[in-house]
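Please open the model in your viewer and keep the sequence panel beside it. The tour below moves from one selection to the next and says what is found at each stop.

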Amino acid sequence: MNSRLSIDPWRFHHPLLPVPAAEEVVDAPETVTLLLPHGAECTVAAGSRVKTGEPLCRMPGHGSFASLSGTVRRIMPWDGGPRGQFVAVIIARKAADENHRLFDPVEEATALSSQQLRERCAQAGFHFPDDQGPLLFTALDEDVDRVANRWCVEKEFDRVVSGLKILRHLCGNRRIVVALPASMPEERKKACSPFGEVVAVPARYPDAAVSLIIRRHPALKSSGSVTVIDSKRLLALAASLSTGSAVTTMHVSLRIGRKGQVRLFQTPVGMRIADLLSRCNVAVSDGMQLILGGEMTGSAADSAAQPLTPDSDALLVLPPHEVVLSENSPCVNCGRCHRVCPVNLRVDLIGKYVEFSRNGEAVRLGIERCIDCGLCTAACIVRRPLAHLLAFGKGALPRQRSGGGAA
Ligand code: SF4
Ligand code: SF4
């Protein structure tokens, strides 16, 4: 069945970036830095030799496999700023690349029982909850700069369909919702429909589409938990099953300047920003701003030494003349932030209330309905850090409540 998600009011005006014609494959750098979750129990130590695809911790997840064959040079705590705290494993490459095999390749995934399939998925870093909650597959991106999901579904459509078949087998009778761009040709939507309920999302769907879909789809919003898998992860899952090895590369979309063309790279997970930029002949200079994760939902990297991680798969490089210092920018009441907000918030007013710690007023105007999409920040002509202000304001709410002050 093919249905259209109704968004009312439809207020989004930020154009999505076009998907590049091809991906560019980047050679392995001399070192990579893999970021493991804080508190993860490492299975390697400094000086260990590792092969590409070897798990670096117990219960490995996305991005926690060695992405180079080489020697573990150092293991240390890593402060990821707004991304949280991590354990960093730095691996230095050695000459020959060797692959670590996790399990025998699976020729026909549907020949395995769903339990056998689930075990292999977990070995390759995909953990599907055991409950019967619905699963949302999305071929959308979470930020204008993040184009990998749309790229996968446009360029690798047949493999996406094979992946959906695996997902259907894995999930048994569990409900699957397949969110596709509305602009996708009808025959492609039809090809996905045997595996779940196809939801066509308008081409200019806002950032953070996943949270909006979950909030608005009747079956998803009433469910306690929704498992989300996107197209690039689905392709990685299918590749892991067919090779028996973990996927250790990732897509990164790169834009130099706000008006720059987007390029899509395939890089080893954990490559430093500086290494990617040097491959593109971009010299890092003072005053340049590096935004990891895209213009809307990303945040500034401390330095070009930061590694690329699968969950921040976009890089926007702003030359000094495009960097606007937001703290010097008072609101000029243009109303753009309100017009673009997909949940129709008076973002300008809420931002000001948060700035002056008037959280009760912010709650009255619905701050809790903010979905952190970042559209308001991208739309603001004076570049006020609106999404950050609202995130900060929401973060302060429980403390306010416990003190009896808010609302
Ligand atoms: S206020 Fe929240 S939901 Fe509205 S545009 Fe800004 S970040 Fe998105
Ligand atoms: S877009 Fe920026 S300048 Fe315009 S009303 Fe919103 S906060 Fe104020």
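Two strands are said to pair if DSSP finds at least two bridges between them, and helices (H or I, at least four residues) and strands (E, at least two) are DSSP runs, numbered from the N terminus. This is a predicted model, in which local features need pLDDT of at least 70 and side-chain atom pairs count only at pLDDT 80 or more, while totals for chains, interfaces and linings use all residues. Residues are numbered from 1 along each chain as its sequence is written, and chains are lettered from A and ligands numbered from 1 in the order in which they are written.

**First stop: an antiparallel sheet**

Begin by selecting β3, β6, β5 and β4, which form an open sheet of four strands in that order, with antiparallel pairing. At its edges stand β3 (31-37) and β4 (49-50), each of which pairs on one side only. If you then select β4 together with strand β5 (residues 70-79), you will find the two paired in the antiparallel sense over two bridges, and here V50 stands opposite G70 in β5.

**Second stop: a mixed sheet**

Next, select the six strands that make up an open sheet with mixed pairing, in the order β2-β12-β11-β15-β13-β14. The edges are held by β2 (23-25) and β14 (299-300), each with a single partner strand, so one side of each is left without a neighbour in the sheet. On the β2 side, the pairing with strand β12 (residues 262-268) is parallel and runs over three bridges, with V25 placed opposite Q266 in β12.

**Third stop: strand β8 and its neighbours**

Now select β8 (residues 176-181), where six of the six residues are buried; a residue counts as buried if 20 or more other C-beta atoms lie within 10 Å of its own, as exposed if 12 or fewer do, and as partly exposed in between, with C-beta atoms placed from the backbone. In a regular strand the side chains alternate between the two faces of the sheet. In β8 both faces are covered, since I176, V178 and L180 on one side and V177, A179 and P181 on the other are all buried.

Add strand β7 (residues 135-138), which pairs with β8 in the parallel sense over four bridges; the bridge partner of F137 in β8 is V178. Then add strand β9 (residues 197-201), which also pairs with β8 in the parallel sense, over five bridges, and where V201 is the bridge partner of P181. From β8 the chain crosses through helix α4 (residues 186-192) to β9, and this β-α-β crossover is right-handed, meaning that, with the strands pointing away from the viewer, the path from the first strand over the helix to the second runs clockwise.

Is P185, in the loop between β8 and α4, buried or exposed? P185 is exposed, because 9 other C-beta atoms lie within 10 Å. To place P185 in the wider model, select H100 as well: the two are 85 residues apart in sequence and 39 Å apart in space, C-alpha to C-alpha.

**Fourth stop: the nonpolar core**

A nonpolar core is a set of buried Ala, Val, Leu, Ile, Met, Phe, Trp, Tyr and Cys residues joined through C-beta atoms within 7 Å. The largest one has 100 residues, of which F137, V178, A179 and C376 touch the most other members. Helix α7 (residues 231-243) gives the most to this core, with six residues. The core draws at least three residues from each of domain 1 (2-17 + 105-243) and domain 2 (328-402), whose bounds come from an automatic or database domain assignment.

**Last stop: the two ligands**

Select ligand 1 and the 16 residues around it, of which C341, C370, C373, L375 and C376 come nearest; a residue is near a molecule if its C-beta atom, placed from the backbone, lies within 6 Å of it. Both α12 (375-379) and α13 (386-402) supply at least two residues of this shell, and α13 gives the most, with three.

Ligand 2 is surrounded by 16 residues, the closest being C331, C334, C337, D348 and C380. Here α9 (336-340) and α10 (347-355) each supply at least two residues, and α10 gives the most, with three. Finish on α10, in which V347, D348, I350, G351, Y353 and V354 are buried, and which is followed by S357, whose phi is positive, near 60°.
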